[in-house]
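These are my notebook entries on a two-chain model. I set down what I looked up, item by item.

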Amino acid sequence: MIVVHRLVRLLVVLLVVTFLSYALLNLLPGDPVTQILGLSATEEARAQVRQDLGLDQPLLVRYLGWLGGLVTGDFGESYITRMPVASELAERLPVTLELLVAAQIIALGLAIPVGVAAARRAGRALDQALTALSFALLSTPVFVLGVLLILVFAVTWQVVPATGWTPISLDLGWNLTSVILPAITLGCGQLAVYARLLRTDLIATLQEDYITLARARGLSPRRILWRHALRPSAISLVTAVGLNLGALIGGTVIIETLFGLPGVGRLIVDSIFSRDYLTVQGGVVLISVGYVAVNFAVDLVYAAVDPRIRRA
Amino acid sequence: MRSRLGWGFWASAGWIGLVLLAAVLADVLPLARYDETLAGPPRSGPSAAHPFGTDGLGRDVLSRVVHGARVSLGVGVGAVLLGLGIGAPLGILAGYRRRATDAVIMAVNDVAQAFPALVFALAVVAFAGANLRNVLIVLGVLGVPSWVRLIRGATLTYADREFVLAARVLGTRDRRILWREIVPNVAVPAASYAFIGMAVVVVAEGSLAFLGLSVQAPTPTWGGLINEGRTLLESAPHVVLAPSVVMFLTVLSFNLVGDRLRSLTDVRESGLEPVRQAAAAPLPSAEHEVRADCLLQAEDLRTHFVTPRGVVKAVDGVSFTLRRGRTLAIVGESGSGKSMLIRSILGLLPGSSVRGGHVYLSGDDLTGYSPARMRSVLGPRLGTVFQDPMTALNPVRTIGTQVTEPLRVHLGMNRRQARAEAVRLLASVGIPDPERTLRRHPHQLSGGMRQRVTIAMALSCGPDVLFADEPTTALDVTIQDQVLRLLHRLREERDMAVVLVSHDLSVVARWADEVIVMYAGKVVERGPAAEVFARPRMPYTEALLQAAPRLTDPVHHRLRVIPGRPPDLVDLPRGCAFQPRCPYARDRCAREAPPLTGSYACWYPRDHAEVLKERADSGGR
């Protein structure tokens, strides 16, 4: 029942998001016909192109037609490149996904030990240093961090290439060197968020009766932290990872531009510059659907983390 | 004010002021023009003439950064004001009006979260034109949902407070309530978020500029400067570093100022927390005799907390002895230090406490044990049961994992042995179908069953002393008796000693051999349970007994309560701590604290011949 309720709500959200993005992009100044034919085209030619593309029809009709296509996986055909938008997105998506997954692995892999260490010594020097560090990381714009990392690792030490992409199918080693720097750049901000969340929740959990009783049973602090306290403290963290995974599909725009990665974000930016409406809209839809789907999955993960939710 | 905000706040505020001033006065300051090429040699590092060096075209980087600040801060201030202007009224409306308005706002929030804001900003700016006005409007509008959420939340917390409800009851007009009561209280969180919002907008504007979609050349922007500098990373890194560092410091400062302002309203962080112990000097202890024939002996046990308000003496000089096979009850009102005494004995105190005195287990001083050695005693020799079985079990682990854990850790059993032993233990505390129970989670059991599980866990390693801190308070009356019988039976079977904390005197009178009565962290009366309850000497004990309802009381008997409140542990009354509430107090009680001599601490103990006479008098009325 709850699942159905949530699904309906998610569908409504998706409908509103697609309509808004479609309507807003279409209402903004700028005409795709001019992009296709150039400024010197005759009025007849323009009208012909309009008719071919269906641009002469009312907005709502065009939106519904486009939406009907989306349901069957047809994102339309780019006005500019004449390529199906769906295949372009499909080509770029693996790059963005690999970047996201690598960034989350780095962020979570560091955030969990850092959060646990800070919570264990809450208020002491280590905790204060880690809190200050995560505050600084949160305040660093990704492009600033990215440029600094390039300066240190690619220019000064020359251990990884500054830009460029090697697909995983071509060479795994080179693929990893091309993803590591962007992933660190993207992961650092997440790391700070995750570590702070986990620290706060862990400190709250450590006040619980069952933790005091675990101590009263003579269990070691290490065992209590990792086996007793971590899982009940992970709900906020799981939520945050879900929100970020979804939201970051769009957030990779900057990173992909900075590091020259052929991902979805880069495709959207390029399409914006070339007024390629349908590709931009397709990208927005992909991001929204990804966000909504990930958050739906997160709800299912809750049950695994906390058995109390399974009953509901 | 200054000390609460800290130096970080003032340094950040100073930096923001500096950048703001430089941005406003950019044209007046003695700087090179930002677009003057060859103001110095191209790509030259920092020098006296060009403190931040020059870029690829020989333009002064400092001047470009200062002019870039105009765009960043201009967009920041503008977008935040726009977001606040639209978001605050909507948020107050949603928080104050609730229902339909609120539902709409929440739905909009759902959509806004799923909307890729940055991509959208890029598209709008690209299509509508990359200029200051468009960037400002787009970033301002995109910030509205966050503002609505924040203001709505702040309004909600105040719309229910007494002073707002009182105003409503008095028939004050809504508009007046909003302006007089709500707006001033929402102002602080709003101011805090204004700074955090500035940080968000400055980063967003930087991102747009980095992609070439903010204010266009020749006007410099921070994001644009960093983008341009990328090509010179190898030959002139200062070109990229200067705007990067300035931008980082600015964003950090906005975040920090916002964070500190928020902590002003956040009670959890505003100085009510206990201060950590200042070089915990262990409290000195008096001379005493260690009695090896006693299983458990506490000598002058003290636990003090150092808080900003003063020292809280939660346990203040408690001594007792306990033999095998006996039950010691600790009674007193809430806050009298009963539970803290148990935690002091077990060494389960928070870091902010200072402990003094000694605890001997079969003559061994536990207070001298290292943490690791103490852990080897907790479980195998000292078992513990807490008051609330709903919070005593870890909600995410199965009963089996939790019951077998001490067996495996302390007794070195393997998984199969531990499981078999756990089945036996659960059966011994009266749990039907123990095999199945092991596979369940705590939320699938009733309160009584859970308490049986926690008792089984406490007994799993065969302790010598069982500490039961109000083990039945959270249970139904019918279950209470079962659990107490169970404890009593287990004590007999295992020849344990039990320390039973309770404020239920009927429980204590029935099950305890000895009793100590605590008030304000001190023992005020002690002795065999039957003796203390039959003839209480200390007026506080008498009051406790009179406050307890009895089945033998006549119908419609008026329940006596202890007048006054439990004392403030930071600011105890002079002399006897009970004296302000004591009906028999005389001058001496307020001057000198009575020592615990023999079985009670009182200058004017109750004389029982007199008590009987009083009773006869009042009964005759």
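**Entry 1. Annotated spans of chain A**

How far apart do the end C-alpha atoms of residues 99-118 of chain A lie, and what are the helix and strand percentages of the span? I found a separation of 28 Å, with 100% helix and 0% strand. I note at the outset that this is a predicted model.

I took the span from UniProt, where an unreviewed entry places the feature "transmembrane region" at residues 7-25, 99-118, 130-160, 172-194, 234-259 and 279-305 of chain A. I also checked residues 279-305 of chain A, where the end C-alpha atoms are 38 Å apart. That stretch is likewise 100% helix and 0% strand.

**Entry 2. Chain A as a whole**

I counted the secondary structure of chain A and obtained 13 helices and 0 strands. Read from the N terminus, the order of elements is accordingly α throughout. The C-alpha trace of chain A spans about 85 × 55 × 35 Å along its principal axes.

I then looked at burial and found that 41% of the 312 residues in chain A are buried. Of the contacts in chain A with a separation of 6 or more, 71% join residues 24 or more positions apart.

**Entry 3. The two domains of chain A**

I looked up the domain division, which gives domain 1 (1-74) and domain 2 (92-309) for chain A. Their C-alpha centres lie 33 Å apart. Across the boundary, 13 residues of domain 1 of chain A are in contact with 12 residues of domain 2 of chain A.

Which elements supply at least two residues each to the domain 1 side of this contact? They are H1 and helix H2 (32-37) of chain A. H1(A) has the largest share, with 9 residues. I sorted the residues of the domain 1 side by type and recorded 8 nonpolar, 4 polar and 1 charged.

**Entry 4. The interface of the chains**

I next turned to the contact between the chains, in which 54 residues of chain A meet 56 residues of chain B. On the chain A side, two or more residues come from each of helix H1 (2-27), helix H6 (125-138), helix H7 (142-156), helix H9 (209-216), helix H11 (235-259), helix H12 (264-273) and helix H13 (277-305). The chain A side divides into 34 nonpolar, 13 polar and 7 charged residues. I note that H1(A) therefore appears in two entries: it contributes to the contact with chain B, and it also contributes to the contact between the domains of chain A.

**Entry 5. Annotated spans of chain B and helix H4**

For chain B, I found that an unreviewed UniProt entry places the feature "transmembrane region" at residues 71-96, 103-128, 134-151 and 182-204. Residues 134-151 of chain B are 94% helix and 0% strand, with end C-alpha atoms 25 Å apart. Residues 182-204 of chain B are 100% helix and 0% strand, and their end C-alpha atoms lie 31 Å apart.

I examined helix H4 (residues 117-128) of chain B in more detail. This helix has 12 residues and reaches 16 Å from its first C-alpha to its last, close to the 16 Å expected at 1.5 Å a residue. Is H4(B) largely enclosed by the rest of the structure or not, and why? I judged it largely enclosed, because 11 of its 12 residues are buried. The buried residues include B:Leu118, B:Phe120, B:Val124 and B:Phe127. Just after H4(B), B:Gly129 takes a positive phi of about 115 degrees.

**Entry 6. A sheet in chain B**

I traced an open sheet of 4 strands in chain B, with the order E2-E1-E4-E5 and antiparallel pairing. E2 and strand E5 (364-365) of chain B stand at the edges with a single partner strand each, so one side of each has no neighbour in the sheet. Strand E1 (residues 296-307) of chain B is joined to E2(B) by 10 bridges. As one pair in this register, I recorded B:Leu301 with B:Val318 in E2(B).

**Entry 7. Domains 2 and 3 of chain B**

Chain B is divided into domain 1 (60-265), domain 2 (296-532) and domain 3 (535-620). The C-alpha centres of domains 2 and 3 of chain B are separated by 29 Å. Their contact takes 23 residues from domain 2 and 20 residues from domain 3.

Which element gives the most to the domain 2 side? I found E10(B), with 6 residues. The residues of the domain 2 side divide into 10 nonpolar, 6 polar and 7 charged.

Technical notes:
Residues numbered from 1 in each chain as written. Chains lettered and ligands numbered in written order. Predicted model: local features only at pLDDT ≥ 70, side-chain atom pairs only at ≥ 80, totals over all residues. Contact = placed C-beta atoms within 7 Å. Nonpolar A, V, L, I, M, F, W, Y, C, P; charged D, E, K, R; others polar. Domains from an automatic or database assignment. UniProt positions renumbered as here; feature names shortened; annotations may be inferred. Buried ≥ 20, exposed ≤ 12 C-beta atoms within 10 Å, placed from the backbone. Expected span 1.5 Å × (residues − 1). Pairing = 2+ DSSP bridges.
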